[in-house]
Amino acid sequence: MRKPLSELVSYQSLHTHAHDIQGHTLRELFAQKPNRFDVFSHSIDSLLLDYSKNRVTEETIDKLLALFYECEVESWRDKMFAGELINTTEHRAVQHAALRDLNDATSAMAKNQLDVLQLMGAFVEQVRAGDFTDVVNIGIGGSHLGPMLVCDALSGFAETGLNVHFVANVDATEINRVLEKLNPASTLFIITSKSFTTQETLANADTAKNWLAADEQLKNTSAKHFVAVSANVEKAVAFGIPQECVFPMWDEIGGRYSLWSAVGLSIVLYVGMPAFKELLRGANAMDEHFKKAQPKENLPVLLALLEIWNQHFLQASVHAVLPYDARLQYLPAYLQQLVMESNGKYVDRAGNPLSVPSAPVVFGDVGTNAQHSFFQLLHQGTQTVSCDFIGVAKAGHENSAQHDMLIANMIGQTQALMLGQTLEEVHDDPQLAAHKMFPGNRVSNTLLLKDLTPFTLGMLLAMYEHKVFVQGIVLNINSFDQMGVELGKNLASNLLEKMQNTDFVSDQDSSTNALINFYKKHS
């Protein structure tokens, strides 16, 4: 059994080191080492990571790598890729990476994936040869955020003839806004739920079924408008979906890691199988990098260790994801789930309370919108926030002047956070000088893609997956369960019956009683 993280020799050494360099600013670090970028940056294929605007020295990186080795991250990484049961609370392997190795003819999961890809390809050809014009993906969590992100990011690669829509929220406003624009006769629904018991997903599926049944011409043929992605074939068939239209999900693939599986059916329908396979190949390229690159040059490892450093030793408990490309507008929401559902835990693998912070709070938005929203806090607020800036060198459009403006803003913001502005540099009214002073010394990473393609998007998403994995191993937690998701849903299920009858509620706590009774009075 491993010692608590705070008791490890390498972790205590980092504490001492953080105290030693506390007074060194990023301005000073850049002045002392003019080639700082060359030392603190790495690139692979089409992806560049610049982490020079972190408050680190070469000694810091060495000490972080000592932590990496003392936590035996490489051993856990090898166990994951070997299919060992590293999801200890659910007694499962973690095999999303196996879905991305299209050249693997040995593992059972890789063979399953090749079979499913063939089924998906045949189904897509059938759909595109028919009369469907719109596809509605109904899921929630990973079965919603992943496909929605990828479809939106790769809209420039979309094949003509099919529009794709996404519904997750149990608030019927969302699905009603989608359905009111569509023709029932030409709409296909994908119901994605591993258990086929997810309340929100089934509620929206029932709404879709009723919408189709309301069309006189479709009431007896509505089953032709549904397919499912689920591990529970029996329940999907009971809903009315033909068994041959149920694509498999596997216990070894968590929801937030599932877009690479049949959960990506909406992606394949939208951009085609060749583009989907390129997405897988890009992710696999990052898998190989994560497996083989030395830790000091390993992008997921560096990002994970830097965030541990910033959060645990520089008190950056919040992390902002800032894509400067509208095609990545859903990336912050996707990473919110990936990070906080994976590593938002309070006990370690043995069930002991953590003595250190777990996942940071993750939020974000696209640049330059975010600059006119919450950047004020990033620059002059009292909270410490670390940032990932993400840009794409090649624009997805022909307006090069605006793209130059966009990327100039991105790089300028990283520079402003790093440098700040001293009182001596403010030349305005002295009475306003303090208001125009920026502390600077605020840390960020910059990630630059050469272009945004299925391949590079796959690399980017897999990089973040492995970053989260490394952090989970360092924290000694299980990143692959999500016990905290269930309690509120279970309580909501228990309260639903009380809300649907006319009786006054008095058997709950005073707040719950009052809220339900107010709702019942006014709904």
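**Helix packing around α12 and the nonpolar cores**

Helix α5 passes α12 in a left-handed crossing, the near helix being turned anticlockwise from the far one by less than a right angle (clockwise would be right-handed). Helices are DSSP runs (H or I, at least four residues), numbered from the N terminus. The model is predicted: local features need pLDDT of at least 70 and side-chain atom pairs pLDDT 80 or more, whereas totals for chains, interfaces and linings use all residues. Residues are numbered from 1 along each chain, and side-chain values use heavy atoms, without hydrogens and water.

Helix α5 (residues 73–81) packs on α12 at about 140°, with axes 10 Å apart. Axes are lines fitted to C-alpha atoms over the stretch in contact, and angles run from 0 to 180 degrees between N-to-C directions. The pair is therefore oblique (neither under 35, over 145 nor 65 to 115 degrees). Arg 77, Met 80 and Phe 81 of α5 meet Asp 287, Phe 290 and Lys 291 of α12 (heavy atoms within 4.5 Å).

Helix α6 (residues 108–128) and α12 (residues 273–292) pack at about 155°, with axes 11 Å apart. That makes α6 roughly antiparallel to α12. Their crossing is right-handed. Met 120 of α6 and Phe 276 of α12 are among the contact residues.

Met 120 also ranks among the residues with the most contacts inside the largest nonpolar core, which has 135 residues. Such a core joins buried Ala, Val, Leu, Ile, Met, Phe, Trp, Tyr and Cys residues through side-chain atoms within 4.5 Å; buried means under 20% relative accessible area (1.4 Å probe, protein chains only). A second, separate core of 14 residues includes Phe 374 and Met 410.

Definitions and conventions: Buried < 20%, exposed > 50% of the residue type's maximum accessible area, 1.4 Å probe, protein only. Helix = DSSP H or I, 4+ residues; strand = E, 2+ residues; numbered from the N terminus.
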